[in-house]
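Good morning, and thank you for making room for this. I would like to walk through one model with you, going from the whole chain to individual residues.

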Amino acid sequence: MRRPVGTAVVIAAALTLAGCGADSSANTSAKPELKVTGAYMPAPIMDTMAAGFFTVTNSGGADTLTSVTSDLSDDVTLHSTQGGAMNEEKSFAIPADGTLAFASGGNHLMFEKLTHKPQEGEKVSLELHFAKTGTVKISMPVKSATYNPKTGH
Ligand code: CU
């Protein structure tokens with residue numbers, strides 16, 4: 001007597017394939033809708049190092065800021081500040097329908113090996129690279145060395 005093993009395997013495979021095609025559109029696959037606001041760079045005291053700040057507001061699905069490039073420097077890094085100590089970060093998560101804020105005393109961009117010393121009133125062009133959205137170009141105005149907007153947090 002032969003057992004119908006083959007038939008059972010074929011049916012299981014067919015069910016698996018049908019499951020793959022099912023609508024699995026969870027919120028995680030929603031497109032990010034990013035807006036970058038409030039960008040500024042305090043005029044650096046020295047020509048070796050500068051910091052930059054901005055806010056990313058997201059009205060869509062989650063995304064990740066993976067890197068930043070600029071004419072001002074070939075060496076732009078992402079930093080967070082915790083307990084007064086700076087840490088270099090590989091990336092920053094932007095939650096769905098959330099905000100990623102860079103602010104004095106917190107997250108910041110660090111520009112090193114500057115091509116020139118930015119002056120107040122100048123604008124530094126940056127490319128922000130996001131995992132899903134791709135590249136977003138922004139213009140970062142250089143403010144006075146002590147500029148620190150109060151955002152009401
Ligand atoms: Cu830093």
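**From the chain to the copper site**

Let me begin with a single residue, Ser70, which counts as buried, at 9% relative accessibility. Ser70 belongs to strand E3, and, leaving out residues up to four places away in sequence, it touches Val76, Phe111, Val124, Ser125, Leu126 and Glu127. One of these neighbours also appears in a polar contact, since a polar atom of the Ser70 side chain lies 3.1 Å from the backbone oxygen of Ser125.

Before I go further, please keep in mind that this is a predicted model. The average pLDDT over the chain is 87, and 80% of the residues score at least 70. Over residues 21-26, however, the pLDDT is below 50, and that stretch has 0 contacts in the model beyond near neighbours in sequence.

As for the overall layout, the chain contains 1 helix and 10 strands, and, read along the sequence, the pattern is α-β-β-β-β-β-β-β-β-β-β. Of the 153 residues, 31% count as buried, while the exposed area of the chain comes to about 9600 Å², with carbon and sulfur atoms supplying 56% of it. If we take the contacts between residues at least 6 apart in sequence, 70% of them join residues at least 24 apart.

Let me return to strand E3, which covers residues 63-70 and runs antiparallel to strand E6, residues 92-94, with 3 bridges joining the two. Within that pairing, Thr64 stands opposite Ala93. E3 is also joined to strand E9, residues 123-130, by 5 bridges, and here too the strands run antiparallel; on that side, Thr69 has Glu127 in E9 as its bridge partner.

Which residues does Phe130 contact, once its neighbours within four places in sequence are left aside? They are Leu34, Val56, Asp63, Thr64, Leu65, Thr66, Ile94 and Val136. Phe130 is found in strand E9, and at 4% relative accessibility it counts as buried. From Phe130 to Ser67 the separation along the sequence is 63 residues, whereas their C-alpha atoms are 7.4 Å apart in space.

Now to the metal. Which residues coordinate the copper ion? The donors are His79 through ND1, Met86 through SD and His108 through NE2, at distances of 2.0 to 2.1 Å, and along the chain they follow the spacing H-x6-M-x21-H. Because Met86 lies in strand E5, residues 85-89, and His108 lies in strand E8, residues 108-112, this pair ties together parts that are 22 residues apart in sequence. As to accessibility, Met86 counts as partly exposed, at 44%, whereas His108 is buried, with a relative accessible area of 7%.

Met86 turns up again when we look at Ser80, a residue of strand E4. Not counting residues up to four places away in sequence, Ser80 touches Ala85, Met86, Asn87, Glu89, Phe92, Gly106 and Asn107. Is Ser80 buried or exposed? Its relative accessibility is 4%, and it therefore counts as buried, the cut-off for that class being under 20%. The side chain of Ser80 is also joined to that of Glu89 by a polar contact of 2.6 Å.

Between strand E4, residues 75-82, and E5 there is a loop, and Gly84 has its place there. Gly84 is exposed, with a relative accessible area of 71%, and its C-alpha atom is separated by 7.7 Å from that of Gly105, 21 residues away along the chain.

Finally, two backbone angles that you may want to look at in the model. Asp97 has a phi near 50 degrees, a positive value in a residue other than glycine, and it lies in the loop between E6 and strand E7, residues 99-101. With a relative accessible area of 55%, Asp97 is exposed. Lys113 likewise has a positive phi, near 50 degrees, and is not a glycine; its place is in the loop between E8 and E9, and at 67% relative accessibility Lys113 counts as exposed.

That is where I will stop, and I am glad to go back to any of these residues on the screen.

Methods: Residues numbered from 1 in each chain as written. Heavy atoms only, no water. Donors = N, O, S within 2.8 Å, 3.2 Å for Na, K, Ca; no water. Helix = DSSP H or I, 4+ residues; strand = E, 2+ residues; numbered from the N terminus. Buried < 20%, exposed > 50% of the residue type's maximum accessible area, 1.4 Å probe, protein only. pLDDT = per-residue confidence, 0-100. Contact = heavy atoms within 4.5 Å. Pairing = 2+ DSSP bridges. Polar contact = N/O pair within 3.5 Å; in protein donor to acceptor, adjacent residues only side chain to side chain. Areas by Shrake-Rupley, 256 points an atom, 1.4 Å probe, with all protein chains shown as cover.
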